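Work through the exercises below with the sequence and the model open. Each task is followed by a solution in steps.

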Amino acid sequence: MHVLSILLAACLWAISVQAEEPPAAYLSQLRQRAHEARLADSREWHLLLHYRANLFGGYTSEQDDPGFFLSPDGKTDPQAELDATLAHFFSSELVGRSKQPAQCAFVARYAWLKTQLSFDDALLKPLTCDRFHAWFAGFEAEAVTLIFPSAFMNNPASMFGHTFLRIDQRGQTPQTRILAYTINFAADVPKNEGLAYPVRGIFGGYSGYFSTIPYYLKVQEYRDIENRDIWEYQLNFDEPKIRRLLMHAWELGNASFDYFFFKENCSYHLLSLLEYADPSLHLTEQFSVWTIPADTVRLLAAQPGLVTDTAFRPSRVTLIRRKREHLSVSEHELVMRVVRDAAAAQSDDVRSLPLSRQAFVLDVASDYVRYKGERDEAEAASARAQNRQILTARSLLRIPSEDLPILPFAMQPDVGHRTSRASLGGGWRNNDTFEEVTVRAAYHDLLDPEPGYTPDAQIEVGSLSLRHYNRADQSRIERATLLNVVSLSPIDRLFRSPSWKLNLGMQTIKHGECQLCSNWSVNGGIGASAETHLLRREVFFAFAEVEGNYSRAYEERYRVGGGASVGFYADLAERWRLLASATYLRYALGDRSDDVRWAVGQRYTLAQNWALRLEYSHRDHDNDVLFTVQAFF
Amino acid sequence: MLRQVIVALGVVAVASQAGLAMAANPDTGPGCGLGKLAWADYKNQKNIAPQVMMATTNGTFGSGTFGISSGTSGCTNDGQVMADQKTTMFALLNFENLTQEMAQGKGEHLASLATLMGVPSEQHAAFFAMTQERYTALVQDGETSSVALVKTLNDAVSKSPVLAQAVSR
């Protein structure tokens with residue numbers, strides 16, 4: 001009886017408590033405490049909601065998906081969003097793209113607010129979030145690695161690289177790393193977008209989403225198909241940071257960002273994810289105009305103690321080129337024979353080699369046949385059949401391939417120069433002297449220090465040179481470059497890609513009566529290149545080219561013609577490079593004329609971000625000597 | 001021809017600029033279920049013009065993202081591979097790499113497959129040797145289906161005295 005009355009009293013008390021303090025009262029209490037603690041003004045809340053300070057006060061979130069906000073004003077009102085978030089935690093209504101209760105859709109917000117406001121579990125019932133827990137467990141997360149696939153061979157459109165994260169699994173070895181999931185941010189671009197792609201891309205016409213693609217698919221994409229070397233930077237993130245990272249990544253699955261090629265791209269939003277994982281990192285604020293993935297790698301590598309380990313994963317081309325260095329001349333000959341005719345894999349010439357050399361010859365041949373198959377649709381089927389034949393012969397040898405350490409041809413991206421450049425210098429032009437200042441937005445030219453950049457490739461975007469001529473007492477825009485691309489692909493017995501170039505810009509020329517005249521030009525060429533190793537490394541190139549000019553200096557204002565150029569560059573010492581070229585062009589349309597040009601330039605690297613240059617160029621009857629100091633920033 | 005060159009060069013110009021930071025980044029797979037279809041777009045991709053066009057069309061995928069139902073077989077709602085599909089999915093999506101490494105008697109794809117099948121790392125060498133020996137049969141089965149490949153591998157493991165003991169432990 002006594003026990004019963006106590007139970008009854010307890011029940012009544014519980015009911016009365018509920019009656020006294022309904023969710024509404026507890027909610028307003030929580031809101032008030034959040035106000036007092038100014039949580040909506042805190043960095044943590046701003047990182048969670050991706051708020052950026054506006055130019056004239058106030059905040060706007062970079063998130064562009066209404067499903068990410070629980071308040072209709074959430075995008076621009078951190079306080080309203082916080083109040084609405086607290087209210088939604090009491091509700092089991094499904095929110096966001098993933099259609100879950102707010103507590104489960106926004107696990108990181110919930111976890112943080114719970115700590116800040118010490119939620120009373122009895123008054124704000126915690127929900128079990130099975131989907132999140134299953135997803136989280138699926139990672140078996142132990143470490144986080146930043147992955148940077150470098151440039152696409154021969155495709156400067158990819159020269160800026162890409163970044164994503166790999167969530168390393170417990171118990172994973174270097175051999176089984178490919179099983180880990182990645183966290184990847186990419187634009188969702190419909191197929192066959194064609195020329196709309198760059199336009200929509202630049203102006204944020206696509207939505208970007210986070211995804212969890214297994215690393216083995218990304219490795220295939222970059223290593224086997226696009227032939228891009230991959231750099232892996234393991235980050236010093238402990239378990240709580242990894243947990244924060246995954247919780248916030250889960251929340252971002254509820255949303256999309258408008259994708260901007262230049263700034264809000266893959267790398268930018270990865271940085272914002274890393275910042276939430278470790279709020280002591282200040283990353284995104286370093287990028288206000290554009291975010292170049294290689295720059296983000298340099299930024300992360302520069303954070304003290306953040307990067308613990310760097311690994312290199314070669315592309316198939318790098319693999320073949322390195323393996324080839326270990327072949328004798330006659331073995332190389334054999335590889336070529338097997339590549340041409342897979343039946344040669346079982347020929348006496350192969351069989352007469354020692355067993356390990358037989359294996360090596362067949363392995364290189366197999367790699368090369370796969371490379372050919374990926375490269376050319378017409379050859380894909382026959383290459384697969386050929387490879388089967390080679391591999392059958394290889395399997396009969398019954399010995400495992402030897403481990404061969406594969407070294408990269410390009411140094412890791414974090415040792416590279418920064419991507420913007422300012423140059424200050426002076427020189428002589430004909431009978432005058434001048435001072436010159438140049439600023440280049442991005443990215444790299446053939447004379448710039450090479451470490452960290454894809455060799456033999458140049459892409460310059462947005463460069464402007466101002467000169468003051470002393471005797472003529474004239475200041476003028478000497479040169480402007482909209483785009484200048486050179487892609488050299490040294491040809492050898494295995495690899496035969498064309499080299500090509502494209503230049504769009506303005507130079508100052510002397511033509512006829514006109515002494516310092518602006519000349520707009522567009523120039524494109526296709527050709528070939530080859531490398532030698534007489535000193536260190538030299539690359540020779542030749543192009544057939546077409547050019548169109550527009551200038552007041554010409555009688556008919558324009559001229560169009562064609563011609564050829566040849567040249568080479570050579571690394572005379574580790575820090576010293578020489579580049580020389582000569583061009584002859586004949587203009588058959590418009591102002592009929594011709595042009596002989598040659599140029600010799602050299603660069604000496606002072607430090608990672610400092611270089612000196614001395615350049616001489618001759619054009620028609622114009623001679624120009626320029627000495628500059630260059631800083632990368 | 002000239003017109004084609006000019007158009008191609010124009011495309012290069014635009015695409016190269018567009019590539020700033022974005023890079024040619026054609027993620028073609030949501031990561032699950034699509035199998036070999038995942039690479040259907042990669043034809044002639046090293047030729048300059050198609051290559052640049054590819055950079056411009058750039059099938060960059062967002063599907064298989066965290067929050068949405070991907071609707072492809074073998075995936076969970078939230079974009080991860082279902083546990084019971086992991087091995088066959090891996091075998092399907094890495095078939096070319098796997099067969100190459102089987103013939104070569106080692107490699108990371110083969111080691112990863114062994115791990116997924118529960119072969120302990122100290123037995124990997126035995127597993128590799130077995131796949132090298134049975135290369136022809138495994139390739140034939142794999143070309144029929146990845147399920148058949150994994151089944152043949154499982155059978156081979158269970159018939160090998162050393163491996164069977166190691167896996168069952």
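## Exercise 1: Disulfides

Counting bonded cysteines along the sequence, chain A has the disulfide pattern 1-2, 3-4. The model is a predicted one, in which local features need pLDDT of at least 70 and side-chain atom pairs count only at pLDDT 80 or more, while totals for chains, interfaces and linings use all residues. Residues are numbered from 1 along each chain as its sequence is written, chains are lettered from A and ligands numbered from 1 in the order in which they are written, and side-chain values use heavy atoms, with hydrogens and water left out.

Task: Find how many disulfides there are over all chains, and describe the link of A:Cys104 and A:Cys129 and that of A:Cys514 and A:Cys517.

Solution.

Step 1. A disulfide is a pair of cysteine sulfur atoms within 2.5 Å. By this rule there are 2 disulfides over all chains.

Step 2. The sulfur atoms of A:Cys104 and A:Cys129 lie 2.0 Å apart. The S-S torsion of this pair is about -80 degrees, so the disulfide is left-handed. A:Cys104 belongs to helix H5 (residues 102-105) of chain A and A:Cys129 to the loop between helices H6 (107-117) and H7 (130-139) of chain A, so the bond ties together parts that are 25 residues apart in sequence. Helices (H or I, at least four residues) and strands (E, at least two) are DSSP runs numbered from the N terminus.

Step 3. Both A:Cys104 and A:Cys129 are buried. Buried means under 20% relative accessible area, exposed over 50%, and partly exposed in between (1.4 Å probe, protein chains only).

Step 4. For A:Cys514 and A:Cys517 the sulfur atoms are 1.5 Å apart. This link is also left-handed, with -55 degrees about the S-S bond. A:Cys514 is partly exposed because its relative accessibility is 23%, whereas A:Cys517, at 6%, is buried.

## Exercise 2: Two hairpins

Task: Which strands does S22(A) pair with, and in what sense?

Solution.

Step 1. Two strands pair if DSSP finds at least two bridges between them. Strand S21 (residues 593-607) of chain A runs antiparallel to strand S22 (residues 610-619) of chain A, and 10 bridges join them. Within this pair, A:Trp598 is opposite A:His618.

Step 2. S22(A) also pairs with strand S23 (residues 622-632) of chain A, in the antiparallel sense and over 10 bridges. Here A:Leu612 has A:Val629 in S23(A) as its bridge partner.

Step 3. Now the turns. S21(A) and S22(A) form a hairpin with 2 residues between them. S22(A) and S23(A) form a hairpin with 2 residues between them, and A:Asp620 in that turn has a positive phi of about 55 degrees.

Step 4. For reading side chains along strands, recall that in a regular strand they alternate between the two faces of the sheet.

## Exercise 3: Two hydroxyl side chains

Task: Are A:Ser315 and A:Thr438 buried or exposed, and which side chains do they meet in polar contacts?

Solution.

Step 1. A:Ser315 sits in the loop between strand S11 (307-313) and helix H13 (316-324) of chain A. Its relative accessibility is 1%, so A:Ser315 is buried.

Step 2. A polar contact is a pair of N or O atoms within 3.5 Å; within protein, one must be able to donate a hydrogen and the other to accept it, and residues adjacent in sequence count only if both atoms are side-chain atoms. The side chain of A:Ser315 makes one of 3.1 Å with that of A:Thr318.

Step 3. A:Thr438 is part of strand S13 (residues 432-444) of chain A and is buried, at 6% relative accessible area. Its side chain makes a polar contact of 2.8 Å with the side chain of A:Ser465.
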